[in-house]
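Subject: Structure for you to look at

Dear colleague,

I am handing over a structure that I would like you to open and turn around while you read the notes below. Please keep in mind throughout that it is a predicted model.

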Amino acid sequence: MAKAAGDAGSGGAAGTIPSPAEVLGYPVGEARKIPDWPLMVDYFGRLAAASDRVEVEELGRTTDDNPFILVTISAPENLARREELRAIVGRLCDPRATAPEEVEGLVAAGKSVALLLCTQHSNELGAALMALELAHQLATGDDAATREILENTITLIVPCANPDGHRMIVEWYGKYLDTPYEGQGMPWLYHRYVGHDNNRDWFMLTQAETRLVAALHNREHPQLVFDMHQMYRDGARFMVPPFIDPLDPNQDPTIQQGFAELGTAIAARLTAAGKAGVATHIIFDNYSPSLSYGNYHGSVDLLSEAASCKLATPIELDEDDLKEKRGFDPKRRSWNQPLPWEGGAWTLRDIVEYDTIAARAFLEHAAKYRARWLRDFHGIMRRAVERPKPPFAFLIPERQYDPLTAAELLETLGRGAVEVAEATAPFTADRVPYEAGTRIVPLRQPAGNFAKTLLEVQHYPDLRLYPEGPPQPPYDIAGHTLPLQMGVAAVQVAEPFTAETRPLGGGGRPAGSVEGEGQYGYAIAPAANRAALALNRILAAGFRVYRNRERLAAFGLPPGAVLVPRAEGIDEAVRALAAETGLEVRGLEEPLETAGFFEQTAPRLGLYQSWKPAIDEGWCRFILEEYGFGSTTLHDADVKAGGLAARFDTIVLPQQSREDLLEGNKEKNEYKEPYPPEYVGGLGEVGLGALREFVAAGGTLVALDAACEAVIKGFWLPVRDVLEGVDRKEFYCPGSLLRILVDGRHPLGWGLRREETAVFINSPAFEIAAGGEGAAVARYPLSDPNLSGWILGAQHLAGKAALVEAPLGEGRVVLVGFRPQFRAQARGTYKVLFNAIYRGALREAGQ
């Protein structure tokens, strides 16, 4: 942490505090200039060294090992009391530790805490640059409004929530500066793994950066959060809430009213400053917890969206260039946009100015109404811990199909500040007996709303664009129930109960064990996801592995178990694996006849990466690396070069539309601007032909979700998508969790139960043509497929296939008609992806 003493309350001598322009060498928001992250970090460090109002703290390191920093700004006397002020807000956050008569004293002594979260999406540069200017204003200002902010509020600024992506953007923008391609988007994700989905990781918390922000939130308990973004260039100039419907019912009503109050105050300030095109109540709902963390932890977590330019390059728009989208016309004056923008130049400096005014209005509101923000925060948390209505709790039984994934669910809750207890004796809840070891998630706790929205089933409303019209699409997804996505048994308990408990440390992850002497080798059941990690470790160590086609009743093993014959060094290897993975490894004490088995070799895996970046590809890489799969990234030229069967056993096409797969980036974008030619185009017919040759020669091609269309049509498979061409008024399922029925005897179904949950986001559903070769390994049931979310026209799915293997030549095509690894949430169907990858490296034993 860096800070310096100075003239108390003055910010230091005015001449000694550097301005951003003095350090950068140009004004903030200067056209065609983007400061790199190290220079920005250096500026904040210099500011803290020169001002007693500013502190800089490195919260941790990013995915690519850049510093992730927090800038704290307040009056020096507040900074000197930071631990005391944290303790005050902490007591307001947990009413169980605070008597009602103590509240007003704490409110009087406390300071409001306001968090500005800038530039999660790295092509949305304005907020990160605004943070430089805002910090300088607060460090040097002596006007009444600045003084009030400093005296009443602890301002927390995360200047860039994705430093890795910011550095990528700086390099990319500089490469094409002064060329016809200046300001175009990158042909790869602006985060090593998740790109735009870093703003969809707010409940799963899988990435280093979201974990750092969640930990900060849990430490500081802000009452207000301002998450500042940018959107498309040809709509409103600036959007703030209130949000459109639906809102998550697990958000406290005071928070939802806070969206309207705070958003309207910001919009009014911008409009009063003459900033045109400021709109409220458009486009964005706030239903999914993937979009925000604070709204389930007592904060009013606000969103803003400024119009974009071409990174740092100005644009010109006529009024007629502005487009109506999702029911909002930016050209029309209305109650929620009283001052439309009439067109003209739009620059990075414009974005910085809009963002600065909005951020100042946000902080001034936090300061002016300090006591009310603290009092309301405590009221929100008191309602959480006194929850008067059912449910009372969720139970996670100790006995699970995949205990390790159940532990991961509990670890996710723990990162979100959810308290989990473990029963130390049998108990009864809702008249059902439960064993000691059962995990209990009580909802009468400060993070109870967060726990409830993650664990319960969603019932998304049927909203239409107009009466009798097509459905209104959600901004994100309609169902997110984590136990369903992860394949974990959870029980909702309606009535209060008592049980002897102790706090659960971590997620209660099993320690792993090796049973028996392993006289003839060892076996690992395929139920646990971590069996894939163990298998990959075993193969990498050079051990031979077999997989059984049929159930081995004598050994209690289902089809697809990992069977490792006795070999030198295997005892030490399996003990290390059990300790690393938490798996139960069984010794084989009787000889095992492997005739008729498969031999499993290490799959030589190719993962296609389009130059039109697909977030699903990044999630695939993240998960495959976590589970020990080696892979080679394939771009268009690599595929088109052919000869793939000599290099790969399996190739995966991540979720991407047929058009994007085949055509990639166009020579000119929708605004008629050229794109760098080396990144133009897609697989095309040449690439498809190379993939057909790969399959014909014995390869396994795996297509995920929307990618199936390109393969079905480009390979002329005897399979059709029964939903193609069905009107949205007849069938619509924009992000729900659906029941599928799986054939666990097929290699694609190994380790899966008969009933599993698939993430369906406008996905395909398959029918194999009469007389056509192929196996439907998973199907939708004849009735009631929806488990969480919303579906219109479920009858169109009745009995249709969700997972198909279609033979072709010496190889096969695997069509996965859902998102098996969606955002690292859908862990209940990871094995579908893993099995499909292994399928290409299964050989008849003895060959």
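Strand S12, which covers residues 421-423, is joined to S17 by three bridges, and the two strands run antiparallel. If you would like a place to begin, look for Ala423, which stands opposite Thr501 in S17. These two strands belong to an open sheet of five strands, whose order is S16-S11-S15-S12-S17 and whose pairing is antiparallel. At the edges lie strand S16 (491-493) and strand S17 (501-503), each of which pairs on one side only. Neighbouring strands of this sheet are turned against each other by 30° on average, if direction is ignored.

Following the chain onwards from S17, you come to Leu504, which is found in the loop between S17 and strand S18 (513-515). Is Leu504 buried or exposed? Its relative accessible area is 13%, and because buried means under 20%, Leu504 counts as buried. Leaving aside its neighbours within four places in sequence, Leu504 is in contact with Leu410, Val420, Ala421, Glu422 and Arg439. Leu504 and Ala312, on the other hand, are 192 residues apart in sequence and 49 Å apart in space, taken from C-alpha to C-alpha.

Next, the nonpolar cores. In soluble globular proteins, nonpolar side chains tend to be buried together. The largest nonpolar core here has 148 residues, and those with the most contacts inside it are Phe44, Leu116, Phe238, Ile266 and Phe362. Helix H11 (residues 348-368) provides the largest share of this core, namely 11 residues. For Ile266, again leaving aside neighbours within four places in sequence, the contacts are Phe226, Phe238, Val240, Leu302, Ala358, Ala361 and Phe362. There is also a second, separate core of 65 residues, which includes Ala532, Val562, Leu704 and Tyr780.

Finally, the cavities. How many cavities of 30 Å³ or more are there? The count comes to six, and the largest cavity has a volume of about 100 Å³. This largest cavity is lined by 13 residues, of which Pro526, Ala531, Ala532, Arg547 and Asn835 are the closest to its centre. Helix H16 (530-540) and helix H23 (830-839) each supply at least two residues of that lining, and H23 gives the most, with four residues. Ala532 is worth finding on your screen, as Ala532 belongs to the second core and is also listed among the residues closest to the centre of the largest cavity.

With best wishes

Notes
Residues are numbered from 1 along each chain as its sequence is written. This is a predicted model: local features need pLDDT of at least 70, side-chain atom pairs count only at pLDDT 80 or more; totals for chains, interfaces and linings use all residues. Side-chain values use heavy atoms; hydrogens and water are left out. Two strands pair if DSSP finds at least two bridges between them. Axes are lines fitted to C-alpha atoms, for helices over the stretch in contact, and angles run from 0 to 180 degrees between N-to-C directions. A nonpolar core is a set of buried Ala, Val, Leu, Ile, Met, Phe, Trp, Tyr and Cys residues joined through side-chain atoms within 4.5 Å. Buried means under 20% relative accessible area, exposed over 50%, partly exposed in between (1.4 Å probe, protein chains only). Contact means heavy atoms within 4.5 Å. On a 1 Å grid over the protein atoms alone, a cavity is a set of points where a 1.4 Å probe fits but cannot get out, and a pocket is an open set with protein on both sides within 12 Å along at least five of seven lines; lining residues have an atom within 4 Å of a point. Grid points are joined across faces, edges and corners, and a volume is the space filled by probe spheres set on the points.
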